[in-house]
Amino acid sequence: MIEVEYYRRVAERTVGRTIARVDAPDDWYLKGGTTAPALRRTLRGARVMDTRRIGKLLLLDTDAATVGLRFGMTGRLLVDGSGPIEKLEYSSARQEPAWTRFALRFDDGGELAVVDPRRLGGVVLDPTLDHLGTDALAVRERDLRNALGASRAPLKAWLLDQGHVAGVGNLLADEILWRAGLDPARRADSLDPHEVMVLHRALGRTVRLLTKRGGSHTGDLQVARVRGASCPRDGAPLERRTIGGRTTYSCPVHQR
Ligand SMILES: [Zn+2]
């Protein structure tokens with residue numbers, strides 16, 4: 001979600017501009033029943049009014065419809081040829097024309113383009129948002145407490161479920177739990193009110209800190225994501241497990 005927030009800021013440059021042409025050359029990249037003719041028909045002549053982000057989903061609101069953009073691990077957003085690329089580790093600065101999966105060309109000659117070598121992202125016209133939880137930066141402590149209390153899932157898996165809190169990916173989840181001192185394998189409903197408060201605080205602080213630093217790979221635990229590494233806080237050997245289907249690093253000493 002941190003990377004997507006950078007893209008949202010880049011996309012802000014399109015607000016107020018009018019779409020003259022839509023390029024959607026890759027049917028596989030269109031999701032949720034979206035088709036290239038529908039995109040062209042709906043968006044041609046439309047004006048971009050606003051940008052939003054919910055978790056990892058970027059929304060472009062036009063006066064005709066909303067366009068939802070997902071970037072996967074390798075997608076990038078460029079507006080008028082530039083993006084926040086210097087901040088991102090996943091994507092190379094290299095560009096092949098064939099990697100442009102979706103583009104809006106504006107009547108002023110500029111464009112918004114999604115470049116994605118591995119096609120892990122996607123474009124949806126008027127995406128349904130019901131399945132998305134509250135964005136990680138907006139979730140309230142009380143709602144977090146109630147939602148955690150209703151689940152027996154391991155904390156890490158719970159955090160990764162975009163239907164609970166939207167926007168937390170694998171690296172971010174490990175960093176948040178490491179900062180909160182909570183064991184990723186703990187059952188969600190086992191947290192006491194104080195622990196929920198600590199988790200809520202760690203969620204907001206970690207997202208804001210890593211956004212400032214430059215991405216979800218800039219956490220303090222990141223350097224320790226190798227076999228045999230030790231906890232940057234207390235020096236204990238870190239534990240490496242698979243939780244929620246994802247590789248998980250945690251400290252057996254201070255994460256309880
Ligand atoms: Zn530790």
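**Exercise 1. Helices on the sheet**

Task: In this predicted model, which strands does helix α2 lie across, and at what angle does α2 run to β1?

Solution:
- Find helix α2 at residues 36–43.
- The strands that α2 lies across are β1 and β6.
- Compare directions: α2 runs at about 175° to β1.
- Now take helix α1, residues 2–11. It lies across β5 and β7, the latter at residues 111–115. Its angle to β5 is about 15°.

**Exercise 2. The sheet itself**

Task: In what order do the four strands of the open sheet stand, and which are the edge strands?

Solution:
- Read across the open sheet: β1-β6-β7-β5. The pairing is antiparallel.
- Look for strands that pair on one side only: these are β1 (19–23) and β5 (76–79), the edge strands.
- Check the twist. Neighbouring strands of the sheet are turned by 10° against each other on average, direction ignored.
- Zoom in on β1 and β6. Strand β6 covers residues 100–106, and the two pair in the antiparallel sense over four bridges.
- Pick one residue: V22 has L104 in β6 as its bridge partner.

**Exercise 3. The zinc site**

Task: Which protein atoms are donors of the zinc ion, and what spacing do the donors follow along the chain?

Solution:
- List the sulfur donors: SG of C231 and SG of C251.
- Add the others: D234 is listed twice through OD, and H254 donates through ND1.
- Note the range: the donors lie 2.1 to 2.7 Å from the zinc ion.
- Write the spacing: C-x2-D-x16-C-x2-H.
- Place the cysteines. C231 sits in the loop between α6 (193–213) and β11 (239–243), and C251 in the segment after β12 (246–250), so the pair ties together parts 20 residues apart in sequence.

Task: Is C231 buried or exposed, and is C251 buried or exposed?

Solution:
- Use the cut-off: buried means under 20% relative accessible area.
- C231 has 4% relative accessibility, so C231 counts as buried.
- C251 has a relative accessible area of 1%, so C251 is buried too.

**Exercise 4. Two packed helices**

Task: How do the axes of α3 and α6 cross, and which residues make the contact?

Solution:
- Locate helix α3 at residues 141–149.
- The α3 and α6 axes come within 10 Å and cross at roughly 120°.
- That angle makes α3 oblique to α6.
- The handedness of this crossing is right-handed.
- On α3, the contact residues are E141, L144, R145 and L148. On α6, they are V196, M197, L199 and H200.

Definitions and conventions
Residues are numbered from 1 along each chain as its sequence is written. This is a predicted model: local features need pLDDT of at least 70, side-chain atom pairs count only at pLDDT 80 or more; totals for chains, interfaces and linings use all residues. Side-chain values use heavy atoms; hydrogens and water are left out. Two strands pair if DSSP finds at least two bridges between them. Axes are lines fitted to C-alpha atoms, for helices over the stretch in contact, and angles run from 0 to 180 degrees between N-to-C directions. Contact means heavy atoms within 4.5 Å. Donors are N, O and S atoms within 2.8 Å of the metal (3.2 Å for Na, K and Ca); water is not among the atoms, so sites may look incomplete. Buried means under 20% relative accessible area, exposed over 50%, partly exposed in between (1.4 Å probe, protein chains only). Angles under 35 degrees count as roughly parallel, over 145 as roughly antiparallel, 65 to 115 as roughly perpendicular and the rest as oblique. A crossing is left-handed if the near helix is turned anticlockwise from the far one by less than a right angle, and right-handed if clockwise.
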